[in-house]
Amino acid sequence: MSDTLLPTGKAHVSYSEVRNWNECPHRHYLQQIKKINLDKPSEHLDFGTAVHAACEGYLRTRAMDIDRCLMDIVSAWDTKGFPETEKWATWAKNALEEVPAWLDSEFPGWETVAAEEALYEPIEDRDAYFKGFVDCIIKVPREKGGYDIWVLDWKTAGAGGWRVEKKQDPLTLAQVALYKSYLMNKHKELYDGARYVKCGYVLLKKGAKKGKCVELFTVSVGPVAMQKANKLVSNTIAGMRKGLRVKNRQSCLYCPYANTEHCT
(Lines give C-alpha, C1' and ligand atoms only; values in the text may rest on other atoms or scores of the structure.)
Protein backbone atom coordinates (compact mmCIF):
# COMPACT_ATOMS: atom_id res chain seq x y z
CA MET A 1 0.00 0.00 0.00
CA SER A 2 1.47 3.31 -1.07
CA ASP A 3 1.12 6.69 0.56
CA THR A 4 -0.68 8.19 -2.44
CA LEU A 5 -2.96 10.99 -1.34
CA LEU A 6 -6.50 11.46 -2.55
CA PRO A 7 -7.66 14.80 -4.04
CA THR A 8 -8.78 15.75 -0.52
CA GLY A 9 -5.15 15.71 0.63
CA LYS A 10 -5.80 12.67 2.82
CA ALA A 11 -4.83 9.02 2.38
CA HIS A 12 -8.22 7.79 3.61
CA VAL A 13 -11.97 8.11 3.30
CA SER A 14 -14.62 7.69 5.97
CA TYR A 15 -18.19 6.46 5.69
CA SER A 16 -19.52 10.02 6.02
CA GLU A 17 -17.29 11.16 3.17
CA VAL A 18 -18.38 8.25 0.97
CA ARG A 19 -21.99 9.13 1.69
CA ASN A 20 -21.34 12.80 0.99
CA TRP A 21 -19.78 12.07 -2.41
CA ASN A 22 -22.55 9.70 -3.44
CA GLU A 23 -25.26 12.17 -2.44
CA CYS A 24 -23.63 14.99 -4.40
CA PRO A 25 -20.09 14.91 -5.85
CA HIS A 26 -20.13 18.70 -6.24
CA ARG A 27 -20.92 19.23 -2.55
CA HIS A 28 -18.09 16.86 -1.67
CA TYR A 29 -15.77 18.85 -3.93
CA LEU A 30 -16.66 22.13 -2.23
CA GLN A 31 -16.46 20.72 1.29
CA GLN A 32 -13.60 18.24 1.16
CA ILE A 33 -11.37 19.48 -1.67
CA LYS A 34 -11.94 23.24 -1.81
CA LYS A 35 -12.35 23.29 2.01
CA ILE A 36 -15.24 25.77 1.88
CA ASN A 37 -17.08 25.42 5.18
CA LEU A 38 -20.59 26.87 5.34
CA ASP A 39 -21.92 24.58 8.06
CA LYS A 40 -23.81 26.28 10.85
CA PRO A 41 -24.08 25.19 14.52
CA SER A 42 -26.71 22.50 14.96
CA GLU A 43 -28.64 21.40 18.05
CA HIS A 44 -29.00 17.95 16.51
CA LEU A 45 -25.25 17.56 16.07
CA ASP A 46 -24.39 18.67 19.60
CA PHE A 47 -27.17 16.54 21.06
CA GLY A 48 -25.89 13.51 19.18
CA THR A 49 -22.33 14.12 20.33
CA ALA A 50 -23.40 14.34 23.99
CA VAL A 51 -25.54 11.19 24.05
CA HIS A 52 -22.99 9.23 22.01
CA ALA A 53 -20.33 10.07 24.59
CA ALA A 54 -22.60 8.91 27.41
CA CYS A 55 -23.33 5.61 25.67
CA GLU A 56 -19.64 5.08 24.96
CA GLY A 57 -18.86 5.65 28.63
CA TYR A 58 -21.52 3.16 29.66
CA LEU A 59 -20.07 0.45 27.42
CA ARG A 60 -16.65 1.00 28.97
CA THR A 61 -17.68 1.29 32.64
CA ARG A 62 -21.28 0.01 32.99
CA ALA A 63 -22.05 3.37 34.63
CA MET A 64 -24.30 5.76 32.73
CA ASP A 65 -23.14 9.30 33.51
CA ILE A 66 -26.31 11.20 32.69
CA ASP A 67 -25.27 14.24 34.72
CA ARG A 68 -22.15 14.70 32.57
CA CYS A 69 -24.25 14.45 29.41
CA LEU A 70 -26.67 17.08 30.68
CA MET A 71 -23.79 19.37 31.63
CA ASP A 72 -22.41 19.03 28.09
CA ILE A 73 -25.79 19.91 26.62
CA VAL A 74 -26.28 22.95 28.86
CA SER A 75 -22.74 24.15 28.08
CA ALA A 76 -23.19 23.77 24.30
CA TRP A 77 -26.62 25.42 24.34
CA ASP A 78 -25.34 28.35 26.41
CA THR A 79 -22.24 28.80 24.24
CA LYS A 80 -24.07 28.60 20.91
CA GLY A 81 -27.30 30.25 21.93
CA PHE A 82 -29.55 27.31 21.13
CA PRO A 83 -33.14 27.60 22.43
CA GLU A 84 -35.14 25.18 24.61
CA THR A 85 -32.26 23.78 26.65
CA GLU A 86 -34.56 22.03 29.11
CA LYS A 87 -36.44 20.20 26.36
CA TRP A 88 -33.27 18.80 24.80
CA ALA A 89 -31.84 17.86 28.21
CA THR A 90 -35.06 15.99 29.04
CA TRP A 91 -34.89 14.09 25.76
CA ALA A 92 -31.31 13.04 26.54
CA LYS A 93 -32.14 12.04 30.11
CA ASN A 94 -35.15 9.93 29.07
CA ALA A 95 -33.21 8.02 26.42
CA LEU A 96 -30.09 7.43 28.48
CA GLU A 97 -32.08 6.22 31.49
CA GLU A 98 -33.52 3.46 29.30
CA VAL A 99 -30.31 2.28 27.63
CA PRO A 100 -28.93 -0.02 30.38
CA ALA A 101 -32.13 -2.01 30.92
CA TRP A 102 -32.82 -2.03 27.19
CA LEU A 103 -29.42 -3.54 26.43
CA ASP A 104 -29.92 -6.22 29.11
CA SER A 105 -33.35 -7.08 27.73
CA GLU A 106 -32.39 -7.04 24.05
CA PHE A 107 -29.02 -8.78 24.49
CA PRO A 108 -29.12 -10.99 27.62
CA GLY A 109 -25.66 -11.63 29.06
CA TRP A 110 -23.97 -9.14 26.75
CA GLU A 111 -20.42 -7.99 27.29
CA THR A 112 -18.47 -5.20 25.67
CA VAL A 113 -15.94 -6.10 23.00
CA ALA A 114 -15.19 -2.49 22.07
CA ALA A 115 -16.57 1.02 22.25
CA GLU A 116 -15.49 3.46 19.55
CA GLU A 117 -13.34 0.81 17.87
CA ALA A 118 -10.92 2.59 15.52
CA LEU A 119 -10.61 1.42 11.94
CA TYR A 120 -7.84 2.37 9.54
CA GLU A 121 -7.88 -0.43 7.03
CA PRO A 122 -6.50 -0.72 3.48
CA ILE A 123 -9.02 -0.58 0.65
CA GLU A 124 -8.36 -3.30 -1.88
CA ASP A 125 -6.80 -2.10 -5.15
CA ARG A 126 -7.30 1.58 -4.36
CA ASP A 127 -4.10 2.80 -2.65
CA ALA A 128 -6.17 4.30 0.13
CA TYR A 129 -7.55 3.49 3.57
CA PHE A 130 -10.95 3.33 5.16
CA LYS A 131 -11.12 5.27 8.43
CA GLY A 132 -13.91 4.99 10.97
CA PHE A 133 -14.98 4.50 14.55
CA VAL A 134 -17.45 1.75 15.38
CA ASP A 135 -19.72 2.89 18.19
CA CYS A 136 -20.52 -0.44 19.81
CA ILE A 137 -19.36 -4.05 19.48
CA ILE A 138 -20.80 -6.54 21.94
CA LYS A 139 -20.58 -10.27 22.46
CA VAL A 140 -23.84 -12.06 23.29
CA PRO A 141 -23.99 -15.68 24.50
CA ARG A 142 -26.32 -18.11 22.72
CA GLU A 143 -28.70 -20.36 24.67
CA LYS A 144 -27.14 -23.55 23.33
CA GLY A 145 -23.54 -22.41 23.61
CA GLY A 146 -21.26 -20.18 21.62
CA TYR A 147 -21.83 -16.51 20.99
CA ASP A 148 -22.93 -13.90 18.51
CA ILE A 149 -21.20 -10.60 17.81
CA TRP A 150 -23.29 -7.48 17.34
CA VAL A 151 -21.93 -4.47 15.46
CA LEU A 152 -24.07 -1.47 16.43
CA ASP A 153 -24.16 2.23 15.69
CA TRP A 154 -25.94 4.75 17.92
CA LYS A 155 -28.23 7.11 16.01
CA THR A 156 -30.43 9.90 17.30
CA ALA A 157 -33.86 10.07 15.68
CA GLY A 158 -37.23 11.72 16.02
CA ALA A 159 -39.92 10.43 18.34
CA GLY A 160 -41.22 7.99 15.73
CA GLY A 161 -37.83 6.59 14.81
CA TRP A 162 -36.75 6.29 11.19
CA ARG A 163 -39.10 6.51 8.24
CA VAL A 164 -39.40 3.50 5.93
CA GLU A 165 -37.46 5.36 3.24
CA LYS A 166 -34.47 5.78 5.52
CA LYS A 167 -34.58 2.15 6.61
CA GLN A 168 -34.40 1.13 2.96
CA ASP A 169 -31.79 3.68 1.89
CA PRO A 170 -28.70 1.84 0.51
CA LEU A 171 -26.34 4.59 1.69
CA THR A 172 -27.67 4.35 5.24
CA LEU A 173 -27.41 0.57 5.33
CA ALA A 174 -23.90 0.64 3.88
CA GLN A 175 -22.41 2.06 7.09
CA VAL A 176 -22.76 -1.05 9.24
CA ALA A 177 -21.99 -3.28 6.24
CA LEU A 178 -18.64 -1.53 5.85
CA TYR A 179 -17.95 -1.73 9.57
CA LYS A 180 -18.67 -5.46 9.61
CA SER A 181 -16.51 -6.06 6.56
CA TYR A 182 -13.46 -4.25 7.90
CA LEU A 183 -13.87 -5.55 11.46
CA MET A 184 -13.97 -9.16 10.27
CA ASN A 185 -10.66 -8.62 8.49
CA LYS A 186 -9.10 -6.77 11.43
CA HIS A 187 -10.15 -9.28 14.13
CA LYS A 188 -10.48 -12.46 12.11
CA GLU A 189 -10.09 -14.88 15.04
CA LEU A 190 -12.83 -13.29 17.16
CA TYR A 191 -15.33 -13.09 14.33
CA ASP A 192 -14.55 -16.55 12.97
CA GLY A 193 -15.48 -17.89 16.40
CA ALA A 194 -18.90 -16.27 16.41
CA ARG A 195 -22.03 -18.13 15.30
CA TYR A 196 -23.33 -14.98 13.67
CA VAL A 197 -22.04 -11.44 13.23
CA LYS A 198 -25.14 -9.27 13.33
CA CYS A 199 -25.55 -5.58 12.61
CA GLY A 200 -27.95 -2.83 13.51
CA TYR A 201 -28.62 0.74 14.52
CA VAL A 202 -29.74 1.72 18.02
CA LEU A 203 -32.15 4.61 17.64
CA LEU A 204 -32.22 7.06 20.55
CA LYS A 205 -35.50 8.85 19.94
CA LYS A 206 -35.91 12.51 20.80
CA GLY A 207 -39.30 13.33 22.27
CA ALA A 208 -40.56 9.74 22.46
CA LYS A 209 -42.69 8.60 25.39
CA LYS A 210 -40.87 7.09 28.35
CA GLY A 211 -40.29 3.40 27.75
CA LYS A 212 -40.21 3.99 24.00
CA CYS A 213 -37.01 6.00 23.67
CA VAL A 214 -34.70 3.23 22.45
CA GLU A 215 -35.26 1.05 19.40
CA LEU A 216 -33.18 -1.55 17.55
CA PHE A 217 -33.23 -1.48 13.78
CA THR A 218 -31.59 -4.69 12.60
CA VAL A 219 -29.80 -4.76 9.25
CA SER A 220 -29.15 -7.99 7.37
CA VAL A 221 -25.51 -7.90 6.28
CA GLY A 222 -24.28 -10.91 4.39
CA PRO A 223 -21.49 -11.35 1.80
CA VAL A 224 -23.49 -9.65 -0.97
CA ALA A 225 -24.28 -6.60 1.18
CA MET A 226 -20.62 -6.26 2.18
CA GLN A 227 -19.53 -6.62 -1.42
CA LYS A 228 -21.92 -3.86 -2.51
CA ALA A 229 -20.77 -1.58 0.29
CA ASN A 230 -17.12 -2.11 -0.55
CA LYS A 231 -17.84 -1.43 -4.22
CA LEU A 232 -19.48 1.83 -3.15
CA VAL A 233 -16.23 2.88 -1.47
CA SER A 234 -14.12 1.76 -4.41
CA ASN A 235 -16.29 3.63 -6.93
CA THR A 236 -16.22 6.74 -4.74
CA ILE A 237 -12.44 6.82 -4.71
CA ALA A 238 -12.29 6.21 -8.45
CA GLY A 239 -14.73 9.06 -9.05
CA MET A 240 -12.80 11.42 -6.80
CA ARG A 241 -9.55 10.67 -8.62
CA LYS A 242 -11.22 11.26 -11.98
CA GLY A 243 -12.33 14.65 -10.76
CA LEU A 244 -16.05 13.94 -11.12
CA ARG A 245 -18.15 16.62 -9.41
CA VAL A 246 -21.61 16.39 -10.88
CA LYS A 247 -24.33 18.44 -9.17
CA ASN A 248 -27.14 16.31 -7.80
CA ARG A 249 -30.15 18.63 -7.76
CA GLN A 250 -32.09 16.09 -5.68
CA SER A 251 -29.79 16.78 -2.70
CA CYS A 252 -30.20 20.55 -2.46
CA LEU A 253 -32.81 20.76 0.29
CA TYR A 254 -30.45 20.73 3.29
CA CYS A 255 -27.23 21.57 1.43
CA PRO A 256 -25.43 24.65 2.83
CA TYR A 257 -24.09 25.48 -0.64
CA ALA A 258 -27.45 25.52 -2.42
CA ASN A 259 -28.34 28.90 -3.94
CA THR A 260 -25.00 30.42 -2.97
CA GLU A 261 -22.18 31.65 -5.19
CA HIS A 262 -20.69 28.16 -4.95
CA CYS A 263 -23.70 26.36 -6.40
CA THR A 264 -26.51 28.01 -8.32
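Helix axes here are lines fitted to C-alpha atoms over the stretch in contact, and the angle between two of them runs from 0 to 180 degrees between N-to-C directions. With that in hand, here are four close-ups of this predicted model.

**Close-up A. Helices α7 and α9 cross each other at roughly 100 degrees.** The two axes come within 8 Å. Angles of 65 to 115 degrees count as roughly perpendicular, so α7 is roughly perpendicular to α9. Have a look at who touches whom: α7 brings Leu171, Ala174, Ala177, Leu178, Lys180, Ser181, Tyr182 and Met184 to the contact, and on the α9 side they meet Ala225, Met226, Ala229, Asn230, Leu232 and Val233. Sort these residues by class and you get 11 nonpolar, two polar and one charged. To find α9 in the sequence, go to residues 223–242.

**Close-up B. Helices α4 and α5 pass each other at roughly 155 degrees.** Here we've moved to residues 66–80 for α4 and residues 85–106 for α5, with axes that come within 10 Å. Anything over 145 degrees counts as roughly antiparallel, and α4 and α5 are therefore roughly antiparallel to each other. The crossing of α4 past α5 is right-handed. From α4, the residues in the contact are Ile66, Cys69, Leu70, Ile73, Val74 and Trp77. Their partners in α5 are Thr85, Trp88, Ala89, Ala92, Lys93, Leu96 and Glu97. That contact splits into 10 nonpolar, one polar and two charged residues.

**Close-up C. The largest pocket holds about 2,300 Å³ of space.** Its lining is made of 46 residues, and if you want the ones closest to the centre, pick out Ser16, Arg19, Leu45, Lys155 and Lys166. Several elements give two or more residues to this lining, among them the helices α1 (15–23) and α3 (43–61) and the strands β3 (128–141) and β4 (147–157). Helix α7, which you met in close-up A, is on that list too. Which element gives the largest share of the lining? That's α1, with six residues. By class, the pocket lining has 13 nonpolar, 18 polar and 15 charged residues.

**Close-up D. The structure holds one cavity of 30 Å³ or more.** How big is the volume of the largest cavity? About 50 Å³. Around it you'll find Cys24, His26, Arg27 and Leu30, joined by Asn248, Ser251, Cys252, Cys255, Tyr257 and Cys263 from further along the sequence. Six residues of this lining are nonpolar, three are polar and one is charged.

Terms used. Residues numbered from 1 in each chain as written. Predicted model: local features only at pLDDT ≥ 70, side-chain atom pairs only at ≥ 80, totals over all residues. Heavy atoms only, no water. 1 Å grid on protein atoms, 1.4 Å probe; cavity = no way out; pocket = protein on both sides within 12 Å on 5 of 7 lines; lining within 4 Å. Points joined across faces, edges and corners; volume = space filled by probe spheres on them. Nonpolar A, V, L, I, M, F, W, Y, C, P; charged D, E, K, R; others polar. Helix = DSSP H or I, 4+ residues; strand = E, 2+ residues; numbered from the N terminus. Parallel < 35°, antiparallel > 145°, perpendicular 65-115°, else oblique. Left-handed = near helix turned anticlockwise from the far one by under 90°. Contact = heavy atoms within 4.5 Å.
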